[in-house]
Amino acid sequence: MKFDEFVLIIKKLTTLYRVNMTDEEVASWYERLKDIRYDVLIKTIEKVDSKMMPNAIELEKLCQEESKSRRSCKSGGRKT
């Protein structure tokens, strides 16, 4: 996933959960989640049913569960 796509996801999360993230936190999350396809991560976020924002590791695990039904969560190891 490209960084500009990831920023859209972060904006969505921080708006939904009314939290702020530092630039360092955003960079750390991106390092963790950058190989996940944008569409899969968005779909995963839409399915989250929690009053608290999931952390990057939780989102990664949820994406892996989502990928079982979609065949592949990762973008084939492509680095962007």
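Start by selecting Phe3, Phe6, Ile10 and Leu13 in H1, then add Val26, Trp29, Tyr30 and Leu33 in H2: these two sets of residues meet. Colour them by class, and this contact of H1 with H2 shows eight nonpolar, no polar and no charged residues. Keep in mind as you look around that this is a predicted model.

Now show the two helices as cartoons. H1 covers residues 3–17 and H2 covers residues 23–33. They pack at an angle of about 115°, and their axes are 11 Å apart. The crossing of H1 and H2 is right-handed.

Next, zoom in on Phe6. Leaving aside its neighbours within four places in sequence, Phe6 is in contact with Met1, Val26, Trp29, Tyr30 and Leu33.

Stay with H2 for a moment. Which of its residues are buried? They are Val26, Trp29, Tyr30 and Leu33. Turn the view to look down the axis of H2: the buried residues fall within an arc of 100°, so they line one face of the helix. Then rotate to the other side of H2, where Glu24 and Glu31 are exposed.

Finally, widen the selection to the largest nonpolar core, which has 19 residues. Pick out Phe6, Ile9, Leu13, Trp29, Leu33, Leu41 and Leu59, the residues with the most contacts inside this core. The elements giving two or more residues to the core are H1, H2, helix H3 (38–47) and helix H4 (56–70). H1 gives the most, with five residues. As background, nonpolar side chains tend to be buried together in soluble globular proteins.

Methods: Residues numbered from 1 in each chain as written. Predicted model: local features only at pLDDT ≥ 70, side-chain atom pairs only at ≥ 80, totals over all residues. Heavy atoms only, no water. Axes fitted to C-alpha atoms, helices over the stretch in contact; angles between N-to-C directions. Helix = DSSP H or I, 4+ residues; strand = E, 2+ residues; numbered from the N terminus. Left-handed = near helix turned anticlockwise from the far one by under 90°. Contact = heavy atoms within 4.5 Å. Nonpolar A, V, L, I, M, F, W, Y, C, P; charged D, E, K, R; others polar. Core = buried A, V, L, I, M, F, W, Y, C linked by side-chain atoms within 4.5 Å. Buried < 20%, exposed > 50% of the residue type's maximum accessible area, 1.4 Å probe, protein only. Arc of directions from axis to C-beta.
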